[in-house]
Amino acid sequence: TLRIASRSIMTTLTNRLSLRCICILALLSLARGAASKNLHDLDYIVYPQRTEEEAAVLEWGHSAIISALDASVALFGPQTTEAALLEVECMPILASPLNGVGNREEDEEGNLPVQELDNADDVHGNMVVMTDNGGLSAVEMAKVAKLSGAAALLVVNIDEKRPDDIYRLEVMEGEDAEDIDIPVVMISLNSANVLTTATVTANMAKEDIVNNGMPDRVRLYAGGDRPFFEDVEPTDPTLYLIHNLMTEEEADSLLQSAKPKLSPITDDVLQFSNDKENFENVQRTVMWQGMLQTPARKAVEERIEQVTGFPAAHHSDFVIDRLDAGTHWKPHYDTHPYLIPMATITVFLTDNGGDVVFPSAKEPVKITPTKGMAIVHHNTDNKHNMDLSSVHAMMASSEGPTYVARKFIFTTPVSNARRIALPVVALPFGGKLPGFVPAFHDFMVEKFGIEDGPVYFDKACVFIPLLIFLGIAQLVADRVQGKGDKKKDTKKKDEGKKKKRKGKKD
């Protein structure tokens with residue numbers, strides 16, 4: 001799946017840093033070319049299309065290890081609002097024939113037969129897994145499942161071009177689905193592959209595989225407010241949505257923390273502002289927290305790692321942008337002179353604002369803001385080259401202000417200097433780096449070059465605070481020792497005075 005595949009992309013790009021600046025200049029030129037198009041005239045496919053009302057979860061495992069897949073509830077049968085009717089827990093059974101039809105022939109009117117499955121005895125009381133490539137409509141598949149005594153129907157979307165795609169199954173014109181009282185849900189092809197290898201281990205003999213590799217029990221229930229995915233483009237660029245990545249409370253908390261720190265964008269490579277011409281009149285701040293996150297922020301970080309598969313060590317801190325009415329992002333690529341952001345996670349912190357568009361996708365894509373929802377797009381392809389179709393922009397809106405939070409996912413782990421040292425420096429300033437730190441970074445890059453400058457800067461960020469700490473510790477130790485010596489001297493003087501007094505008396 002896209003999320004699992006993301007893990008394998010976490011390798012170092014081998015291109016030399018000296019070529020990256022040239023590449024960035026070329027990308028800026030391409031982005032300007034995209035800007036020359038009238039973004040308002042393109043014929044967009046608009047997202048999101050999935051809703052919380054259709055989101056369901058297929059889950060298995062025990063308390064220590066839980067596996068879960070996204071599912072979409074059909075427009076007929078029990079709905080997510082009818083939790084008691086939708087929720088089932090039983091064994092998944094592959095249909096025989098798998099698509100519900102097999103070699104069965106059409107009748108005289110050209111209709112495929114709707115009859116019980118060959119393995120109806122096994123299906124009875126369980127969840128039947130059926131593919132949608134047999135020519136049956138969704139309602140007909142549901143009727144086959146019901147005739148076979150199934151407790152629920154799990155439909156696999158056989159779409160090899162969009163292997164993560166799912167949608168709500170509908171009632172075709174002239175069909176009657178009133179008698180369908182079992183849950184009917186769809187999962188993607190990639191999810192089906194996960195389900196049918198759930199109990200398969202490396203080097204397992206075929207005869208040892210039980211129940212076609214599926215778990216012995218699964219649980220289906222309404223997704224509620226948990227995160228769920230929506231596939232947009234599998235490639236060119238890899239692009240998907242994560243609904244409910246943040247709760248409203250989490251989005252509000254991040255927004256309120258960022259507001260006092262926002263300021264107009266300046267040239268600041270350290271804080272991801274190396275292309276300010278694409279963000280005119282946008283205000284920005286970086287929430288330097290690293291490993292000093294609050295428990296609430298740490299929970300968000302762990303959730304992002306869990307649902308995307310991107311290791312937390314590769315995440316940047318949140319970069320928060322504020323766009324007032326009429327302000328927009330110009331078409332641009334997410335690049336950096338020496339860090340490689342292989343993916344970007346953009347979270348809407350408000351419901352209002354401009355749409356985010358990807359004009360160079362296979363079919364132009366427009367994504368409307370939804371608070372707490374995230375856009376995930378890959379900036380590189382599966383060969384670790386820059387994906388030229390990842391150019392994107394945010395349209396201007398008459399509403400404002402709009403707030404978005406971004407995390408960049410790098411090909412290599414973020415250094416300890418940036419996960420520990422810089423957040424410590426920012427802590428006394430409310431989480432915002434003082435101006436001398438970016439200035440020092442730029443000085444190091446200018447003096448030692450784009451390859452060595454950032455390395456020396458990171459080392460300085462660790463060793464300078466360490467030297468300061470050791471210096472302070474030494475001063476404290478000297479002061480304590482000085483007080484101790486002073487007490488000793490005072491004590492000796494007092495003893496000397498006592499001896500003199502005693503000698504006079506004698």
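This is a chat about the predicted model shown above.

User: How many helices and strands does the chain have?
Analyst: The chain has 10 helices and 21 strands.

User: What is the mean pLDDT of the chain?
Analyst: This is a predicted model. The mean pLDDT of the chain is 87. Of its residues, 85% reach 70 or more.

User: And where is the pLDDT below 50?
Analyst: Residues 1–19 are a stretch with pLDDT below 50. That stretch still has 46 contacts in the model beyond near neighbours in sequence.

User: What share of the residues is buried?
Analyst: Buried residues make up 49% of the 506 in the chain.

User: What about contacts between residues 24 or more positions apart?
Analyst: Those account for 77% of the chain's contacts with a separation of 6 or more.

User: Let's go inside. Which residues touch the most other members of the largest nonpolar core?
Analyst: Phe 318, Ile 345 and Leu 349 do. That core has 27 residues.

User: Which elements each supply at least two residues of this core?
Analyst: Two helices are on the list, H7 (248–258) and H8 (295–308). The strands are E11 (239–243), E16 (341–348), E19 (374–378) and E21 (402–410).

User: Is there another core apart from it, and which residues are in it?
Analyst: Another core, of 26 residues, lies apart from it. Its members include Phe 76, Ala 138, Ala 145 and Val 155.

User: Back to Phe 318. What does Phe 318 touch?
Analyst: Leaving out residues up to four places away in sequence, Phe 318 touches Met 246, Leu 254, Thr 285, Val 286, Met 287, Val 300 and Ile 304. It also touches Ala 405, Arg 406 and Lys 407.

User: Now E21. How many of its residues are buried?
Analyst: E21 is mostly covered, with 9 of its 9 residues buried.

User: Which residues lie on each side of E21?
Analyst: Thr 402, Val 404, Arg 406, Phe 408 and Phe 410 are on one side. Tyr 403, Ala 405, Lys 407 and Ile 409 are on the other. Both faces are covered.

User: Why do the side chains alternate?
Analyst: Because in a regular strand the side chains alternate between the two faces of the sheet.

User: How many bridges join E14 to E21, and how many join E16 to E21?
Analyst: Strand E14 (residues 319–323) is joined to E21 by 5 bridges, running antiparallel. E16 and E21 share 7 bridges, also antiparallel.

User: Which residues stand opposite each other there?
Analyst: Val 319 stands opposite Arg 406. Asp 321 stands opposite Val 404. From E16, Ala 343 has Ile 409 as its bridge partner.

User: Where does strand E13 come in?
Analyst: E13 (residues 283–286) pairs with E14 over 4 bridges in the antiparallel sense. Val 286 has Val 319 in E14 as its bridge partner. E14 itself is mostly covered, with 4 of its 5 residues buried.

User: New topic. What is the strand order in the open sheet of 8 strands?
Analyst: The order is E4-E9-E2-E3-E8-E7-E6-E5, with mixed pairing. The edge strands, each pairing on one side only, are E4 (88–90) and E5 (92–94). From one strand to the next, the twist averages 30°.

User: What joins E4 to E9?
Analyst: E4 and strand E9 (residues 218–222) run antiparallel and are joined by 3 bridges. Cys 90 stands opposite Val 218 in E9.

User: Is Cys 90 buried or exposed?
Analyst: Cys 90 counts as buried because its relative accessibility is 4%, under the 20% cut-off. Cys 461 is buried too, with a relative accessible area of 10%.

User: How many disulfides are there?
Analyst: The count comes to 0.

User: What else is in contact with Cys 90? Where does Asn 126 sit?
Analyst: Asn 126 is one contact of Cys 90. It is found in the loop between helix H4 (120–123) and strand E6 (127–131). Beyond its neighbours within four places in sequence, Asn 126 also contacts Met 91, Ile 93, Ala 150, Ala 151 and Ala 152. Asn 126 is buried, with a relative accessible area of 15%.

User: Last one, helix H5. Which residues are buried, and what do they pack against?
Analyst: In H5 (residues 138–147), Ala 138, Val 139, Met 141, Ala 142, Val 144 and Ala 145 are buried. The buried residues of H5 pack against E6, strand E7 (152–157) and strand E8 (184–188). Gly 149 follows H5, with a positive phi near 80°.

Conventions:
Residues are numbered from 1 along each chain as its sequence is written. Side-chain values use heavy atoms; hydrogens and water are left out. A nonpolar core is a set of buried Ala, Val, Leu, Ile, Met, Phe, Trp, Tyr and Cys residues joined through side-chain atoms within 4.5 Å. Buried means under 20% relative accessible area, exposed over 50%, partly exposed in between (1.4 Å probe, protein chains only). Contact means heavy atoms within 4.5 Å. A disulfide is a pair of cysteine sulfur atoms within 2.5 Å. Two strands pair if DSSP finds at least two bridges between them. Axes are lines fitted to C-alpha atoms, for helices over the stretch in contact, and angles run from 0 to 180 degrees between N-to-C directions. pLDDT is the predictor's confidence in each residue, from 0 to 100.
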